[in-house]
Amino acid sequence: MPSPGALPAGKPQDAPRGTMAPALGYGLAVLGVALASIVFSMARHALHAAHASLLFLLVVAVVAYVAGSGPAAVSALLSFLSWNYFIIEPVHTFAVHEPRDLIALFVFLVVAVLIGELAARVREQAAGTRVREQAAAAHVRERATNMLYEISKLISADTDAIRVLPKVLDQLVRASHAGGGAVLLVGPRGDLQPAVTTRVDVLDAAGEDWRARAQQVSRTGQPIGLNPLLVRAPVYLPLSGAARVEGVLVIVPGMPRRGLPRQSRRVLLTAASHLGVALERQRLAAAAAQAEALRAAEQFRNTFLSSVSHDLRTPLASIKAAVTSLLHSEHSPEAQRELIQAINEESDRLNAFVGDLLDLSRLDAGAWRPERDWFDVTDLLGTVLGRLDDAAAARVRLHLAPGLPMVPVDCIQMGQALWNLIENALKYSPADSPVSVDVTAGGKAVLRISVSDWGPGIPPGEEERIFEKFYRATGDRRRKGVPGTGLGLAIVRGIIDAHGGRVRAYTRAEGGATFEILLPISPPDMPAPSALADEPAPDGEEYADAR
Amino acid sequence: MPGERILVVDDEPQIRRALRSGLSAQGYEVLLAADGEEALDLAATKPVDLVVLDLGLPGIDGFEVCRQLREWSSIPVIVLSVRAGEKEKVAALDQGADDYLTKPFSMEELLARIRANIRRARAVPQSEPVFSTGDLTIDMARHLVTVAGQEVRLRRMEYEILRYLALNAGRVITHRVLLREVWGPDYEEETQYLRVHIGRLRSKIEPEPARPRYIITEPGVGYRLRVHE
């Protein structure tokens, strides 16, 4: 049989039911008339001529319904002839003696043709109706497929399937002409909780404890209510992933008498399956992320603990050794002084480490939150250099371009960053080599501060890694002996990033490392400094007083 | 100066011990208090030249001690604090403290601040017209400022800033106080003005403005004129 849905309107012969080849139709016409004639002639004495007309009319009607108007006309004609020949006096001739018989014959013919036509027309209409019904059904299916596509797109578009649930449920309820619906999700403890509902009143009025039924479905994994016999009841569909049931979809039909349209059921089933997979995927991704976070935290904790214990205990060990030696042994004044110096230095180192630890907690939280105000870079550098002892301070060469703009920074944090860089440069280079600090303006938008040393430079390839927490440069024997927490550069980067700037490191061609900070000068939320400094700040004339 | 009496307030016995031995080694007489109430009692009943006050006390905290002390006394107070946060320092200074030190501190630094603050408390303006430290000399009667013998011409506000810092040499002065004293109460928030003028002042009196020897920045708090002893 040719596919029925493809044709918008078909010829009666190609219509779905009673498709009959034309030859067959005409054959049937002949056969029908012949049969009727035989039946009548066999029972002639029992039957009247009127009975014959009814019999032939029956044949015509059947042929018309089954085979169409062509064969019906033929059977009408044949009946007319047969009735004339076999039944009307004189028998076995086409002559008609009685005028009333002639009239009857003609009336018969007209009626037969009419019946044939009517029956055929009814048949066509039925066929046409069927075709229209199929077209409508095809249209409904197409709409359902479109809806399904939309819903699938909705689910796929967001990796957070839970976030799109309200929209998805809304679409499903509309697609299935439902009265209300709900999606319940299986929680981490295995309990089923409503995540989103539409028209809870409709759900509650459905006449059963839908929450309990949903629980049941989540346990069995089998849908309830898809059986077309129970059309009034809500439909429960499990949302299943590959491994387990992730939730339950509940839909209450909007038209209780008719239940859900069949296409809607298809949409619901497909959507439920898609949703189940999406939910499972999301759950697994979250679990994986959490496991990874735990692993990273564990690793950090281990690194941190080993670093802390080393860095706290090392200076303490020196202090303890020096102090106990002073307590228990006799030393010359010079030796005493040396030991006491050592204790002083190690105390400073301990203090610096504690400061680093405190900064570390801010590093992790990204919690720098600079409180910005306009500062002179010269001033900031001056404060940093003031903290150095004379020998170290003497090694630092400042090269400040003239007319440097003010920078919007948090003075304490920026001071810390500059201190870390300068201290590093001093530490990692020979004690007689200079450390150079250059400050220039890069156009109107950026201030460039670079700290350069004549040490061994940065190991190739490590220019980014050195900014990681707890990094200590590998490979260099001398570097291994240099104490440090490995946090200094990480703190510098954290601070500079929080100020919207960038810091990078590189080894110079002639040797030695340079750390370069680029700081933006004009963040959008601060008034420019010139607006304040150029105001007529009352500063009076020069003092030309009486001497 | 020998014979001066210092009240040390700290709840940590090791700190009290260390301070007592450090200060008495320099000739000061030392009174000890372990909490705020004891401190206020001692300050009220015995003549004291300076108070070294820890902010982190049990019971009434250091801020409150300072505030109450200031209700009836102008004894110089130096506060000690574990936290380096400038907000806390500024708050203490606003409450009436005269200076601060962050723990751990060096004894040398504490002694310098004690000297500076006792001197300030004792200073009678007219009797010391000429201030001098290192190569810097300020003749306040003649409004004359010289550095290494060379006269420096200052604009009026620059001079006023320098003068106020010199009157309080060795002590930290908060931005707010400096602005109020030099420009007036309406200018207490204008730290920008201050920075600009300090910058200009430094460029005139500092041999190396980028490495100040005289006008020292206390980040986030204020400025201090360093005394070279």
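Is R508(A) buried or exposed? In this predicted model, R508(A) has a relative accessibility of 13% and therefore counts as buried, the limit for that class being under 20%. R508(A) is joined by a salt bridge to E510(A), with 3.7 Å between the closest N and O atoms. The partner, E510(A), is exposed, its relative accessible area being 53%. A further set of salt bridges, linked through shared partners, unites D94(B), R176(B), R180(B), E188(B) and E189(B) in one network. Over all chains, the structure contains 34 salt bridges.

Two other pairs in chain A combine a buried acidic residue with a partly exposed arginine. E246(A), at a relative accessible area of 4%, is buried, whereas R244(A), at 32%, is partly exposed; their side chains form a salt bridge with an N to O distance of 3.8 Å. Similarly, E462(A) is buried at 13% relative accessibility, while R465(A) is partly exposed with a relative accessible area of 41%. The closest N and O atoms of R465(A) and E462(A) lie 3.8 Å apart in a salt bridge.

Acidic residues were also examined outside these pairs. D359(A) is located in helix α9 of chain A, which comprises residues 333-365, and is buried, with a relative accessible area of 10%. Apart from residues up to four places away in sequence, D359(A) contacts W368(A), Q416(A) and I491(A). The C-alpha atoms of D359(A) and L487(A) are 8.8 Å apart, although 128 residues separate the two in sequence.

At the surface, E345(A), D348(A), D389(A) and D390(A) make up a negative patch. Of these residues, D389(A) is placed in the loop between α10 (377-386) and α11 (390-395) of chain A.

Technical notes. Residues numbered from 1 in each chain as written. Chains lettered and ligands numbered in written order. Predicted model: local features only at pLDDT ≥ 70, side-chain atom pairs only at ≥ 80, totals over all residues. Heavy atoms only, no water. Patch = residues over 30% accessible without salt bridge, like charges linked within 9 Å, V, L, I, M, F, W, Y side chains within 5 Å. Areas by Shrake-Rupley, 256 points an atom, 1.4 Å probe, with all protein chains shown as cover. Salt bridge = Lys/Arg side-chain N within 4 Å of Asp/Glu carboxyl O. Lys, Arg positive; Asp, Glu negative; His and termini not counted. Charge placed at Lys NZ, Arg CZ, Asp CG, Glu CD. Helix = DSSP H or I, 4+ residues; strand = E, 2+ residues; numbered from the N terminus. Buried < 20%, exposed > 50% of the residue type's maximum accessible area, 1.4 Å probe, protein only. Contact = heavy atoms within 4.5 Å.
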